[in-house]
Amino acid sequence: LKGTLSTAFETWRENTVENNSVRKKLTLTEAFAEKEKMLDEFKTLVTEMNNKDGEWFNDDNHYKDAMTWSLDTKSGIIRKYREIRSERFKRFSPEIKHRVLISKCILWAREGTVYRILSNTKQFPWHAVAEGKVTEVMLRPELSNEQAALAWEAIEANYLRFQALIEQGVEAEGQIIEH
């Protein structure tokens, strides 16, 4: 993972320096700091796992927790890194960029949490939508245009899951938000 992040980061750094569009991309200093922050998060995980006694891993629940934590951290780092390098990130307001940059990588493992970070609202069933657990959602009028756009993005991204639920006649588990 470290090698992959380093290689991708070098490409990103070269593109940032070559294009010199500091306002649209992270500055080189910010980019280095973000890369180091992500690697530090992963190093912390590795250190914590290395400090565990071998007996600790013999407990099935502990072993499962360790595997889940490491896989979630890895996928969170990759998802957050891809977001930071995306065209969409360039269009985000400084407030959203700040929320993305200060968020822990492990939070990026779940799509619903990512939408919550980006939207800065709990007034929408992000996890239920992202996991395809609802078949109907109504947007609240108090959502900002940016938040509503993220909600529609989440809905569109999971449209096939919604359709599969409807065709199977599965009842929705998530909440339905009304006007």
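Biologist: What makes the contact between Glu153 and Arg88 a salt bridge?

Modeller: In this predicted model, the closest N and O atoms of Glu153 and Arg88 are 2.2 Å apart. A salt bridge requires a side-chain nitrogen of Lys or Arg within 4 Å of a carboxyl oxygen of Asp or Glu, so the pair qualifies. Glu153 lies in helix α9 (residues 145-157) and Arg88 in helix α5, so the contact ties together parts that are 65 residues apart in sequence. Helices (H or I, at least four residues) and strands (E, at least two) are DSSP runs, numbered from the N terminus.

Biologist: What are the conditions behind such values in a predicted model?

Modeller: Because the model is predicted, local features need pLDDT of at least 70 and side-chain atom pairs count only at pLDDT 80 or more, whereas totals for chains, interfaces and linings use all residues. Residues are numbered from 1 along each chain as its sequence is written, and side-chain values use heavy atoms, with hydrogens and water left out.

Biologist: Why does Glu153 count as partly exposed?

Modeller: Its relative accessibility is 29%. Buried means under 20% relative accessible area, exposed over 50%, and partly exposed in between (1.4 Å probe, protein chains only); the value of Glu153 therefore falls in the middle class.

Biologist: Which residues are linked with Glu153 in a network of salt bridges?

Modeller: Glu83, Arg88 and Glu153 make up the network. Arg88 also pairs with Glu83, with the closest N and O atoms 2.6 Å apart. Glu83 has a relative accessible area of 9% and is therefore buried. The whole structure holds five salt bridges.

Biologist: How do you know that Lys90 and Glu87 are about one helical turn apart?

Modeller: They are three residues apart in helix α5 (residues 87-91), which means a separation of about one helical turn. Their side chains meet in a salt bridge at 2.5 Å, N to O. Lys90 is partly exposed, because its relative accessibility is 24%.

Biologist: How many aromatic pairs are found in a search of the whole structure?

Modeller: The search finds four aromatic pairs. One of them joins Tyr115 and Trp126, whose ring centres are 5.6 Å apart and whose planes stand at 15 degrees. Rings of Phe, Tyr and Trp (its six-membered ring) pair if their centres lie within 6.5 Å; planes under 30 degrees apart count as stacked, over 60 as edge-to-face and the rest as tilted. The pair is therefore stacked. Tyr115 lies in helix α7 (residues 111-119) and Trp126 in helix α8 (residues 126-130), so this pair ties together parts 11 residues apart in sequence. Tyr115, at 5%, is buried, and Trp126, at 1%, is buried.

Biologist: Why is the pair of Phe124 and Trp126 called tilted?

Modeller: The ring centres of Phe124 and Trp126 are 4.4 Å apart and their planes are at 55 degrees, so the pair is tilted. Phe124 is buried, as is Trp126. Tyr115, Phe124 and Trp126 form one aromatic cluster.

Biologist: Which residues have the most contacts inside the largest nonpolar core?

Modeller: They are Val100, Leu118, Phe124, Trp126 and Val129, in a core of 28 residues. Helices α4, α6 (94-102), α7, α8 and α9 each supply at least two residues of this core, and α9 gives the largest share, five residues. A nonpolar core is a set of buried Ala, Val, Leu, Ile, Met, Phe, Trp, Tyr and Cys residues joined through side-chain atoms within 4.5 Å.

Biologist: What makes the charged end of Lys52 count as sitting over the ring of Trp56?

Modeller: The charged end of Lys52 is 4.6 Å from the ring centre. The term requires NZ of Lys or CZ of Arg within 6 Å of the ring centre and within 35 degrees of the ring normal, and the distance of 4.6 Å meets the first limit.

Biologist: Why is Thr121 classed as buried or exposed?

Modeller: Thr121 has a relative accessible area of 9% and is therefore buried. Thr121 is in the loop between α7 and α8, where Asn120 is also found. Asn120, at 48%, is partly exposed, and its phi is near 60 degrees, a positive value in a residue other than glycine.
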